[in-house]
Amino acid sequence: MNRILEEVIRQNGATVDRILSEHTLGYVVSDNVANAVAETSFDNTSAQAIVKHLNGLLVSTCQSVVRDIDPANKLCFMRLATRKFEYLVAPEEYFTITVVQ
């Protein structure tokens with residue numbers, strides 16, 4: 001599993017650099033199976049909080065809502081705006097990428 005995630009991160013290095021250069025605070029890549037942080041630009045406590053709250057409950061709820069509306073559809077990307085930050089979440093099969101702007 002980690003080998004797959006490491007390969008994806010390595011292949012998308014240019015995309016990560018571009019994302020970080022465009023007024024972002026950081027990113028978190030989490031493992032969907034263990035709900036653990038695989039790679040992050042935040043400190044460990046902040047990254048764990050993002051994974052626990054956003055990826056743990058919110059993403060699964062949004063995926064269920066999309067499937068309830070159309071069973072053939074799949075959640076590809078989610079944007080969540082708060083007063084302070086904007087969260088861009090991309091759930092994949094093995095991992096979830098979250099960018100904070």
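**Exercise 1. The aromatic pair**

How many aromatic pairs does the count come to? Identify the partners and classify the geometry of their rings.

*Solution.* The structure is a predicted model. Step one is the count, which comes to one aromatic pair. Step two names the partners: Phe 85 and Tyr 87. Step three requires two quantities, since a pair of aromatic rings is described by the distance of the centres and the angle of the planes. For Phe 85 and Tyr 87 the centres are 6.3 Å apart and the planes stand at 65°. Planes over 60 degrees apart count as edge-to-face, and the pair of Phe 85 and Tyr 87 is therefore edge-to-face. Step four considers the surroundings of each partner. Phe 85 has a relative accessible area of 31% and is partly exposed, whereas Tyr 87 has 17% and is buried.

**Exercise 2. The overall plan**

Which order do the elements of the protein follow from the N terminus on? Describe the burial and the surface of the protein as well.

*Solution.* Begin with the inventory: the protein has three helices and five strands. Read from the N terminus, the elements run α-α-β-β-α-β-β-β. Next, turn to burial: of the 101 residues, 26% count as buried. The accessible surface is about 6,800 Å², and carbon and sulfur atoms hold 53% of that surface. Finally, consider the contacts with a separation of 6 or more: 39% of them join residues 24 or more positions apart.

**Exercise 3. The nonpolar cores**

Which residues make up the largest nonpolar core? Determine which elements supply them, and examine the surroundings of Met 78.

*Solution.* First, list the members. The largest nonpolar core has ten residues: Val 28, Ala 47, Ile 50, Val 51, Leu 54, Val 59, Met 78, Tyr 87, Val 89 and Val 100. Second, assign them to elements. Helix H3 (44-69) and strand S4 (86-91) are the elements that give two or more residues to this core. H3 provides the largest share, with five residues. Third, look for another core. A second, separate core has five residues, including Tyr 27, Val 29, Leu 88 and Phe 95. Fourth, inspect Met 78, a member of the ten-residue core. Leaving out residues up to four places away in sequence, Met 78 touches Leu 58, Val 59, Cys 62, Tyr 87, Leu 88 and Val 89.

**Exercise 4. Strand S1 and its partners**

Which way do the residues of S1 point? Establish how far S1 is enclosed and how it pairs with other strands.

*Solution.* Start with the two faces of the strand. Gly 26, Val 28 and Ser 30 point one way, while Tyr 27, Val 29 and Asp 31 point the other way. Then take burial: six of the six residues of S1 are buried, so S1 is largely enclosed by the rest of the structure.

Now consider the pairing. S1 joins strand S2 (residues 36-40) in the antiparallel sense over four bridges, and S1 pairs with S5 in the antiparallel sense over six bridges. Individual residues show how the partners are arranged. Asp 31 stands opposite Ala 36 in S2, and its bridge partner in S5 is Phe 95. The bridge partner of Ser 30 in S2 is Val 37. The hairpin of S1 and S2 has four residues between the strands, and Asn 35 takes a positive phi near 55° there.

Last, examine Ser 30 itself, which lies in S1 (residues 26-31). Ser 30 is buried, at a relative accessible area of 0%. Apart from residues up to four places away in sequence, Ser 30 touches Ala 36, Val 37, Ala 38, Val 51, Asn 55, Tyr 94, Phe 95 and Thr 96.

**Exercise 5. Strand S5 and the segment after it**

Is Thr 98 buried or exposed? Compile its contacts, and then describe Gln 101.

*Solution.* Locate Thr 98 first: it is in strand S5. Its relative accessibility is 0%, and values under 20% count as buried, so Thr 98 is buried. Beyond its neighbours within four places in sequence, Thr 98 is in contact with Gly 26, Tyr 27, Val 28, Ile 50, Leu 54, Asn 55, Leu 88 and Val 89.

Then move to Gln 101, which is found in the segment after strand S5 (95-100). Gln 101 is partly exposed, with a relative accessible area of 28%. Gln 101 and Leu 88 are 13 residues apart in sequence, and their C-alpha atoms are 8.0 Å apart in space.

Terms used:
Residues are numbered from 1 along each chain as its sequence is written. This is a predicted model: local features need pLDDT of at least 70, side-chain atom pairs count only at pLDDT 80 or more; totals for chains, interfaces and linings use all residues. Side-chain values use heavy atoms; hydrogens and water are left out. Rings of Phe, Tyr and Trp (its six-membered ring) pair if their centres lie within 6.5 Å; planes under 30 degrees apart count as stacked, over 60 as edge-to-face and the rest as tilted. Buried means under 20% relative accessible area, exposed over 50%, partly exposed in between (1.4 Å probe, protein chains only). A nonpolar core is a set of buried Ala, Val, Leu, Ile, Met, Phe, Trp, Tyr and Cys residues joined through side-chain atoms within 4.5 Å. Contact means heavy atoms within 4.5 Å. Accessible areas come from the Shrake-Rupley method with a 1.4 Å probe; for residues, only the protein chains shown count as cover. Two strands pair if DSSP finds at least two bridges between them.
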